[in-house]
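Reader: Hello! Could you take me on a close look at one aromatic contact in this model, and then follow the thread outwards to other side-chain contacts? I'd like the numbers, and the reasoning behind each label.

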Amino acid sequence: MDQLAKALKSTFGYDSFRPLQREIMDSIIDGKDTFALLPTGGGKSLCFQLPALLREGLTLVVSPLIALMKDQVSQLEAAGVEATFLNSSLGARETKERLRGLHEGRYRLLYAAPERLMLDHWKDNLAAWNVTGIAIDEAHCISEWGHDFRPEYRQISRLRALLPGVPMMALTATATERVRRDIVHHLKMRDPAVFVASFNRPNLFYRVIPKDQPVGQIVDFVRKRPMDSGIVYCATRASADRVAGSLSDRGFAAVSYHAGLTNTERASNQELFIRDEVRIVCATIAFGMGINKPNVRWVIHHDLPKNLEGYYQETGRAGRDGLPADCLLLFSAGDAAKQTHFIDEMTNPKERDIAREQLGLMIRYSDCPDCRRRELLRYFGEEIGGESCGACDNCLEPRETYNATTQAQKLLSCVYRVRQGGSFGVGMNHVIQILTGSENEKIRRWGHDRLSTYGIGKELGKSEWGVLGRELLRNGFLTLDGGQYPTVSITEAGIEALRSRRMIHLSKPMSSPKALRAPRVGGIECDETLFDRLRKLRKRLADERGVPAYVILGDNTLRQMARDYPVTVSGLGGIGGIGERKAAEFGKLFTDEIANHLETYPRVRFRDGE
């Protein structure tokens with residue numbers, strides 16, 4: 001066994017690498033600048049942590065959030081790795097002690113925020129600490145085209161001049177081709193080795209349902225998952241507080257997280273969630289990046305996200321441990337209209353056009369009757385094969401189609417008549433108002449109440465016409481023209497459909513399923529009673545040490561124990577996630593708990609015969 005594989009097993013307790021991890025580590029050990037794009041839960045951190053153990057000197061990790069630094073250092077210390085962080089959360093005495101340790105060469109990894117690296121005295125410190133590797137975590141923060149641009153990240157490029165011979169690694173979980181190029185350019189990376197893993201998260205189950213009394217929908221969802229941790233993303237601070245309050249009133253342990261809270265309140269609520277004191281956090285998008293909690297079992301979007309990149313990143317908080325997790329989006333045309341209104345108020349035309357295009361793709365994803373996974377991955381330039389992904393609502397319960405010829409002809413004809421009768425176009429909402437016989441001032445002023453299509457669509461409501469219009473856009477019968485106020489036009493295919501009066505079949509609108517449960521994609525079947533017992537032991541050990549439970553052992557590890565029933569420390573050798581340090585410190589406690597369980601309960605026989 002080579003050094004990397006030995007270190008992986010002895011320190012972190014794993015027998016094999018995840019996709020591309022080995023190649024990325026080999027590249028950085030060879031001294032090459034390296035760009036790595038791995039999905040959330042794909043093991044990015046290990047790509048710089050493991051090489052740091054095998055080479056002399058200090059690996060400098062640039063990280064954007066205090067919580068992330070603290071969390072990763074706690075996990076490294078639990079595995080027996082000398083690591084530290086420096087940030088504003090430390091007092092003067094503790095900072096001085098850690099600086100002394102760095103000067104003495106005591107640490108293998110140092111986590112620091114980008115703005116701290118630019119302080120005057122750091123130039124001398126970096127030269128004195130024998131820095132032999134640089135890792136830029138959450139590297140998409142350096143790009144204006146990324147979903148979480150942070151101006152302070154632009155300063156990191158100065159590290160190239162301060163440490164010219166040191167290989168640099170940039171890591172991110174989400175970046176389009178444009179963002180990737182931006183990262184490489186701004187970090188001044190030299191002919192980097194580039195590794196891009198699949199964006200596919202097969203353990204995540206994607207579903208979208210119509211938004212209808214959302215608090216009730218969320219309550220119904222979480223009531224079926226009483227032991228699971230989850231995040232509810234909300235568009236505003238007020239809705240985050242309201243949903244958290246409603247859940248708390250119904251007996252669920254929930255807190256809110258947003259920029260309107262004090263720093264102390266935010267830190268406290270985040271800590272409660274990370275340590276499993278509360279199961280649910282209702283948050284704006286201010287929450288999430290750097291949260292390394294692997295056992296988040298579900299993410300709900302109470303409101304429509306602004307773009308697919310943010311949605312992918314936020315759903316990626318779920319199932320980081322590889323176990324099954326649910327991603328639920330509550331969709332309404334009203335949310336789309338609100339987002340459009342905010343975009344229309346943007347003063348920068350370029351930003352407005354980008355935001356409008358990104359929102360259009362988000363709406364298309366929410367509305368589409370096809371595989372959601374395929375639609376999401378296509379945004380990142382990735383295609384997947386197969387008829388069904390097996391883990392989204394549209395694949396498991398395909399939507400029916402219906403004969404929409406009559407209504408489609410009416411809408412297509414209305415768009416055609418408007419264009420035929422004037423030199424300007426109108427938006428989809430205006431077309432729907434003509435169809436439903438609205439008497440608003442614009443329709444009368446522009447003479448659209450005299451069109452032959454005026455009022456011929458009163459059999460459907462405005463929202464129903466909106467769904468039909470989006471389906472005709474998706475199927476290529478209509479198109480939206482760009483500009484500040486997008487107008488709708490009929491395509492050649494639409495004109496042909498009008499003339500030939502051919503039948504048009506469209507997908508029925510999505511409906512709220514009474515009970516659509518996600519399959520256990522990649523789950524570990526185990527003795528659930530024993531798993532719960534081991535989870536309680538882990539929580540007690542974590543509380544005694546003042547760390548999150550997953551720093552002790554992950555859910556994956558506990559589930560393997562609750563399946564294999566090891567009753568001796570030597571029997572833990574086949575359980576992933578238990579390195580030498582953790583086996584020595586915690587092994588007997590867990591194996592004794594399993595032995596005690598077996599004195600009362602028989603072993604469970606599993607369906608595959610094990």
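## A close look at a tyrosine pair

Author: Happily! Let's start with tyrosine 365, which counts as buried because its relative accessibility is 0%. Tyrosine 311 is buried too, with a relative accessibility of 1%. Please keep in mind throughout that this is a predicted model.

How many aromatic pairs does the count come to? The total is 8 aromatic pairs. One of them joins our two tyrosines: the ring centres of tyrosine 311 and tyrosine 365 are 5.1 Å apart, and their planes make an angle of 50 degrees, so the pair is tilted. The label follows from the cut-offs, because planes under 30 degrees apart count as stacked and those over 60 as edge-to-face, with the rest called tilted. The pair also links distant parts of the chain, since tyrosine 311 belongs to helix α13 (residues 308-315) and tyrosine 365 to helix α15 (residues 349-367), with their positions 54 residues apart.

For another geometry, turn to tyrosine 379 and phenylalanine 380, an edge-to-face pair with 5.0 Å from centre to centre and 85 degrees between the planes. Phenylalanine 380 is buried, at a relative accessible area of 7%. Tyrosine 379 and phenylalanine 380 also belong to a cluster linked by ring pairs, together with Phe199 and Tyr312.

From rings we can move on to charges. Side chains of opposite charge can pair when their charged atoms come close. The structure holds 44 salt bridges, and a few of them are worth a visit.

In helix α9 (residues 177-186), glutamate 177 and arginine 180 lie 3 residues apart, about one turn of the helix. They form a salt bridge whose closest N and O atoms are 3.3 Å apart. Is each partner buried or partly exposed? Glutamate 177 counts as partly exposed because its relative accessibility is 43%, whereas arginine 180 is buried, with a relative accessible area of 14%.

Helix α10 (residues 214-223) offers a case with the same spacing: aspartate 220 and arginine 223 are 3 residues apart in it, about one turn of the helix. Their closest N and O atoms are 3.8 Å apart, and the contact is a salt bridge. It helps to recall the cut-off here: the nitrogen has to be within 4 Å of the carboxyl oxygen. Aspartate 220 is partly exposed, with a relative accessible area of 45%, and arginine 223 is also partly exposed, at 49%.

The helix that carries this pair is mostly covered, with 7 of the 10 residues of α10 buried. Those buried residues are Pro214, Val215, Gln217, Ile218, Val219, Phe221 and Val222. What covers them? The elements include the strands β8 (204-210), β9 (229-233), β11 (280-283), β12 (296-301) and β13 (325-331), along with helix α11 (237-249).

Two further charged contacts lie elsewhere in the chain. Glutamate 104 and arginine 106 meet through their side chains in a salt bridge of 3.1 Å, N to O. Glutamate 104 counts as exposed because its relative accessibility is 52%, while arginine 106 is partly exposed, at 32%. There is also a network of salt bridges that links Arg540, Glu544, Arg545, Arg581 and Glu585.

A strand pair makes a good next stop. Strand β3 (residues 83-86) runs parallel to strand β4 (residues 109-112), and 4 bridges join them. Within this pairing, leucine 86 has alanine 112 of β4 as its bridge partner. Between the strands the chain passes through helix α5 (residues 92-103), and this β-α-β crossover is right-handed. In a regular strand the side chains alternate between the two faces of the sheet. In β3, Ala83 and Phe85 point one way and Thr84 and Leu86 the other, and all are buried.

Finally, what about disulfides? The structure holds 0 of them. Take cysteine 47: its sulfur is 18 Å from the closest cysteine sulfur, that of cysteine 141, which is too far for a bond. The limit for a disulfide is 2.5 Å between the sulfur atoms. Cysteine 47 is buried, with a relative accessibility of 0%, and cysteine 414 is buried at 0% as well.

Technical notes:
Residues numbered from 1 in each chain as written. Predicted model: local features only at pLDDT ≥ 70, side-chain atom pairs only at ≥ 80, totals over all residues. Heavy atoms only, no water. Buried < 20%, exposed > 50% of the residue type's maximum accessible area, 1.4 Å probe, protein only. Helix = DSSP H or I, 4+ residues; strand = E, 2+ residues; numbered from the N terminus. Pairing = 2+ DSSP bridges. Right-handed = clockwise from strand over helix to strand, strands pointing away. Contact = heavy atoms within 4.5 Å. Phe/Tyr/Trp six-rings, centres within 6.5 Å; stacked < 30°, edge-to-face > 60°.
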